[in-house]
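Me: I'm new to this one, and I'd like a close look at a single part. Could you walk me through the nonpolar core and how the rest is laid out around it?

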Amino acid sequence: MSAPPRILLIEDEAAIAALVREALEEGGFVVDWCDHGEEGLRVAAAGGHDAIVLDRMLPEIEGLSIVRRLRAAAVAAPVLMLSALARAEDRVEGLDAGADDYLGKPFEPFELVARVRALMRRATNPLPGAVMLFGELEVHVKARRVHRAGQHVALSPREFDILKFMMDHAGDVVTREMLLREVWGLNFDPQTNVIDVSMSRLRQRLDEGFAGPVIETVRGAGFRLLGGVAP
Ligand code: CA
């Protein structure tokens with residue numbers, strides 16, 4: 001059996017801490033509680049926690065400064081910030097400081113537990129990364145920008161979608177059926193050369209000025225992204 005997830009709770013108000021702790025423990029978490037900012041920062045920085053629930057207003061060091069210092073120290077545990085300061089500006093301040101989520105006081109303990117669970121899910125299954133890397137390719141998913149060996153490659157939206165899908169399956173064969181379904185949203189083969197035309201343009205753009213291809217055709221199967229750097 002794997003160890004239960006461990007949460008660090010940094011909260012100076014004993015009554016709130018007790019409430020949070022009880023709810024988290026009922027949710028199957030093990031809880032370590034610090035009621036001082038300094039101690040909380042030290043324990044958090046030591047690592048070993050799957051998530052941190054951090055009160056914003058603490059004696060000694062405030063929560064904002066704790067989360068900033070944790071991020072600066074590359075502590076990766078997701079942080080849920082709690083605060084009575086819960087206007088939009090306050091939330092933005094907390095998130096900008098490095099918190100992953102922000103819950104205004106008063107709150108329902110079951111909502112806090114659900115948010116901690118959601119944070120941990122995101123931490124173990126990160127969203128498709130902001131930047132995907134494979135071989136010479138660098139795909140900035142949000143910005144929809146592509147570089148090959150550091151050189152920008154301009155792609156049409158469709159070409160980008162094809163490449164992004166191939167990056168999701170980097171190193172594996174991507175079939176025509178997969179491309180039709182996932183990129184074109186078609187559950188049938190339209191019996192046209194739409195894939196070949198798009199694929200040929202995508203290759204042209206990716207390969208221009210380079211010695212070797214980044215996409216290979218696998219006869220009778222589909223296409224595969226090549227990870228090796230061309231000689
Ligand atoms: Ca407080």
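Reply: Here's a walk through the core, with a short stop at the domains and the metal site.

Bear in mind that this is a predicted model. The protein chain splits into domain 1 (6–124) and domain 2 (131–225), and 41 Å lie between their centres, taken over C-alpha atoms.

Now for the core itself. The largest nonpolar core has 27 residues, and the members that touch the most others are L163, L179, L206 and I215. Two or more residues each come from β7 (137–140), α6 (157–168), α7 (176–182), α8 (194–207) and β12 (222–225). Of these, α6 gives the largest share, with six residues. As a bit of background, nonpolar side chains in soluble globular proteins tend to be buried together.

I215 is a good residue to zoom in on. Setting aside neighbours within four places in sequence, I215 is in contact with M166, M199, L202, R203, L206, F223, R224, L225 and L226. One of those partners, L206, is itself among the core members that touch the most others.

While you're looking around, there's also a calcium ion to find. D12 (OD), D55 (OD) and M57 (O) coordinate the calcium ion at 2.1 to 2.3 Å. Along the sequence, these donor residues follow the spacing D-x42-D-x1-M. Are D55 and M57 buried or exposed? D55 has a relative accessible area of 3%, so D55 counts as buried. M57 comes out as partly exposed because its relative accessibility is 45%.

Notes: Residues are numbered from 1 along each chain as its sequence is written. This is a predicted model: local features need pLDDT of at least 70, side-chain atom pairs count only at pLDDT 80 or more; totals for chains, interfaces and linings use all residues. Side-chain values use heavy atoms; hydrogens and water are left out. A nonpolar core is a set of buried Ala, Val, Leu, Ile, Met, Phe, Trp, Tyr and Cys residues joined through side-chain atoms within 4.5 Å. Buried means under 20% relative accessible area, exposed over 50%, partly exposed in between (1.4 Å probe, protein chains only). Helices (H or I, at least four residues) and strands (E, at least two) are DSSP runs, numbered from the N terminus. Contact means heavy atoms within 4.5 Å. Domain bounds come from an automatic or database domain assignment. Donors are N, O and S atoms within 2.8 Å of the metal (3.2 Å for Na, K and Ca); water is not among the atoms, so sites may look incomplete.
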